[in-house]
Amino acid sequence: MSHDQRPVSGLSSRIDIALSLEENKPDTRTFPDLGSPVSPLRSRTGGPANTSSSSSSSGSFSANRTLPGTRKSGEISSGSGESSPTGPRPVHRRSGSTGPLIYSGGSSSGHKSSGHTSGGASSGVGTGGSSTASSPMTNVLPAGNICPSGKIGRPGAVPPRTSTRSDVLGTGTGNYGHGSIMWGGSVPASSPNSSNFQEATKRGNEYYKRGLFLDALRCYDKAVSLSPDNASCRSNRAAALIGLGRIGEALRECEEAVRLDPTNGKAHYRLAGLNLRMGLVDNARKHLSLAAHGQPPNQAEMRKLQDIEGHSTKCIDARRIGDWKSTLREADATVSAGADSSPLIFALRAEALLKLHKLDEADSTLAGLAKLESSVPASPPMKVFGMISGSYIQIVRAQVDMALGRFDTAVAAAEKAKQLDPTNTEVTSLLNKVRLVAQARLHGNELFKSGSFADACTAYGDGLKHEPFNPVLYCNRAACWSKMGRWEKSVEDCNEALRIQPNYTKALLRRANSNAKLERWTDCVRDYEVLRKELPGDKEVAEGLFHAQVALKTSRGEDVSNLKFGGEVEAVSTLEQFQAAISLPGVSVVYFMAPGNAHCNQIAPFVNALCTRYPSANFLKVNVNDSHAVARAENVGIVPTFKIYKNGTRVKEMICPSQQILEYSVRHYSL
């Protein structure tokens with residue numbers, strides 16, 4: 001049985017109740033209270049051991065003691081009583097009680113104690129009000145101490161009747177401060193919805209234990225619809241939402257659970273865990289303390305909190321001094337420690353990656369941040385680096401967008417940062433810088449289109465004065481240098497752009513073209529090889545690579561008379577054709593195949609793609625069923641087999657190679 005809904009002992013001279021926070025499993029005993037799923041949070045440690053027993057013969061539930069500062073299930077806090085509209089309320093005292101218990105309802109009588117009382121007692125209810133408070137069942141006395149708006153039966157009246165059902169606080173019509181007393185967790189046993197509630201909760205728990213969180217959520221949704229004011233149902237629903245990664249919804253459900261029942265330990269533990277995931281350490285510490293009910297908080301959770309707090313503090317300190325490697329390392333350590341849903345940590349990580357010229361990773365981190373912001377509630381305002389945290393996140397987004405050439409979205413993000421923190425001078429300064437860089441780029445583009453390449457070059461240079469680490473402006477200026485025939489300057493700006501963003505394809509293409517103009521064929525081929533990987537189907541890249549390879553071979557004095565661009569795989573049927581083909585200068589790739597063979601059919605399209613991708617190589621195809629002489633001469637017994645020849649000499653043989661190995665070998669020998 002979960003802590004969310006626990007049975008309470010009946011009326012006796014002294015009422016003691018056990019408070020225990022269970023670990024990540026439901027109680028396997030058969031109780032009608034099925035209010036909590038497997039808790040994803042650890043049980044509290046370090047407190048006194050609580051023991052309980054349940055006797056089917058007496059129907060009682062006993063515990064060693066009630067922890068200080070806790071409230072029994074079925075109790076209402078003293079601040080929740082209601083005033084009687086018509087007159088004074090009767091006062092009832094419990095045996096052993098030191099203070100009055102005030103009943104806020106009207107006249108009601110004839111209630112008997114439930115089977116969970118130890119010692120019979122009939123209700124003695126005053127008549128000080130005109131309103132009535134109806135119990136869900138006749139002859140039922142609320143178990144536990146209903147204070148101040150409950151009522152206590154007089155001792156010595158009617159003996160208890162045995163019952164397996166527990167009395168807990170739920171929704172209803174009676175005026176008991178937070179609802180009426182209900183059987184089985186929330187819904188009165190007399191209600192036609194009682195069995196539906198029990199079944200929905202039970203099935204939800206079963207699905208949860210099996211990891212079927214969506215199915216569990218559907219069941220808990222049904223239970224909540226039957227009892228919307230039940231804290232345990234809300235906590236159960238939060239657990240399923242956590243399993244589905246819907247952090248924001250889970251947080252709201254837990255907050256609703258503790259609003260309905262401020263002593264709900266599991267809901268507080270879940271709130272602590274959710275706040276830790278969002279990096280809100282102070283909030284997490286508060287809920288861990290509330291969950292512990294005055295005892296030492298769960299030590300495992302406290303260690304986790306301290307790890308997150310330590311790494312996040314180091315991350316922020318490293319960012320302050322511009323130590324970007326340490327910032328990145330500590331941000332990753334914070335996430336690994338458990339703060340995997342913290343927008344601030346994501347922003348710190350993205351900024352560190354930007355400063356380390358890892359733009360693609362920075363952009364990917366911001367994409368994750370955008371998804372995160374759509375699923376988690378906004379963090380409470382706090383200052384980081386002299387600005388509001390939300391403004392800082394937008395500033396990082398603006399910088400990454402600007403570096404990747406998304407100038408309009410960069411301006412929009414900077415403007416949003418200004419709205420969030422209008423008086424911050426650093427935010428204002430960065431907004432002005434983003435606007436100036438965006439304007440410089442726009443002006444340069446207009447000049448370039450009009451053919452004013454020198455003026456465009458100057459405009460891009462003005463933008464670089466404000467943002468000297470913008471690869472787009474460097475690449476655009478390189479295009480201007482290229483148009484003016486200043487190939488060396490073009491290569492220099494491309495180098496700067498690629499230093500900031502190593503896989504910037506436009507900069508690679510422009511540098512390859514400029515190196516070709518400078519007849520630096522080795523560098524040219526190298527750039528085209530990288531481009532071919534990035535753009536495998538691009539015809540311009542393939543043709544550029546072919547001409548660069550031909551030029552490189554020519555510069556080395558090699559025969560290139562047989563090289564042609566865009567050739568297809570050539571079929572060879574006779575031994576004479578085969579020997580003539582492999583004797584040609586350069587690289588020949590021979591594909592031994594058989595029609596109908598599954599492996600050959602699978603790899604054939606890839607061979608055709610390689611033929612286009614590596615135009616400097618000569619691709620040959622031999623059908624071993626038709627060309628027995630070639631197959632015997634080459635000792636081919638298994639297909640597909642590939643052999644690579646260079647200037648008539650065999651340099652590589654592969655039987656049933658993977659696509660990766662085949663392409664690696666072709667590329668290696670084609671260069």
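The following exercises, with worked solutions, concern a predicted model of a single chain.

**Exercise 1. Describe the overall make-up of the chain: how many helices and strands are there, and what share of residues is buried?**

Step 1. The chain contains 23 helices and 15 strands.
Step 2. Of its 671 residues, 51% count as buried.
Step 3. Among contacts between residues at least 6 apart in sequence, 63% join residues at least 24 apart.

**Exercise 2. Compare the end-to-end distance of helix α18 with its expected span, then state which helices its buried residues pack against.**

Step 1. Helix α18 covers residues 521-534, which is 14 residues.
Step 2. The expected span is 1.5 Å times one less than the number of residues, so α18 should span 20 Å.
Step 3. The C-alpha atoms at the ends of α18 are 20 Å apart, in agreement with that value.
Step 4. The buried residues of α18 are C524, V525, D527, Y528, E529, L531 and R532.
Step 5. A general rule helps in reading this list: an α-helix has 3.6 residues a turn, so residues three or four places apart point the same way.
Step 6. The buried residues of α18 pack against α17 (505-517), α19 (539-555), α21 (598-613) and α23 (659-670).

**Exercise 3. Place Y528 in the nonpolar core and list its contacts.**

Step 1. The largest nonpolar core has 94 residues.
Step 2. Helix α9 (residues 343-355) supplies the largest share of this core, nine residues.
Step 3. Y528 is one of the residues with the most contacts inside the core; the others are L274, L348, Y392, V396, V434 and Y504.
Step 4. Leaving out residues up to four places away in sequence, Y528 touches L509, A512, N513, V541, G544, L545 and A548.
Step 5. Another core, of 35 residues, lies apart from the largest one; among its members are V572, V622, F642 and Y645.

**Exercise 4. Work out the surroundings of strand β14: which strands pair with it, and how many of its residues are buried?**

Step 1. Strand β14 spans residues 641-646, and five of its six residues are buried.
Step 2. Strand β12 (residues 587-593) runs antiparallel to β14 and is joined to it by six bridges. V589 has I644 of β14 as its bridge partner.
Step 3. Strand β15 (residues 649-655) is also antiparallel to β14, again with six bridges. Here F642 is partnered by M654 of β15.
Step 4. β14 and β15 make a hairpin with two residues between them, and N647 in the turn has a positive phi of about 55°.
Step 5. Y645 also belongs to a cluster in which ring pairs link it with F578 and F592.

**Exercise 5. Classify the aromatic pairs Y208 and F213, and F448 and F453, and assign each ring residue to a burial class.**

Step 1. The structure holds six aromatic pairs.
Step 2. Y208 and F213 lie 5.3 Å apart, centre to centre, with 70° between the planes. Planes over 60 degrees apart count as edge-to-face, so this pair is edge-to-face.
Step 3. Buried means under 20% relative accessible area; Y208, at 9%, is therefore buried. F213, at 22%, is partly exposed.
Step 4. F448 and F453 are also edge-to-face, at 5.1 Å centre to centre and 65° between the planes.
Step 5. F448 has 24% relative accessibility and counts as partly exposed; F453, at 23%, is partly exposed too.

**Exercise 6. Which charged residues sit over the rings of F385 and W481?**

Step 1. R319 lies over the face of F385, 4.1 Å from the ring centre.
Step 2. The charged end of K489 is over the ring of W481, 5.4 Å from its centre.

Note on methods. Residues numbered from 1 in each chain as written. Predicted model: local features only at pLDDT ≥ 70, side-chain atom pairs only at ≥ 80, totals over all residues. Heavy atoms only, no water. Phe/Tyr/Trp six-rings, centres within 6.5 Å; stacked < 30°, edge-to-face > 60°. Buried < 20%, exposed > 50% of the residue type's maximum accessible area, 1.4 Å probe, protein only. Lys NZ or Arg CZ within 6 Å of the ring centre and 35° of its normal. Helix = DSSP H or I, 4+ residues; strand = E, 2+ residues; numbered from the N terminus. Pairing = 2+ DSSP bridges. Contact = heavy atoms within 4.5 Å. Core = buried A, V, L, I, M, F, W, Y, C linked by side-chain atoms within 4.5 Å.
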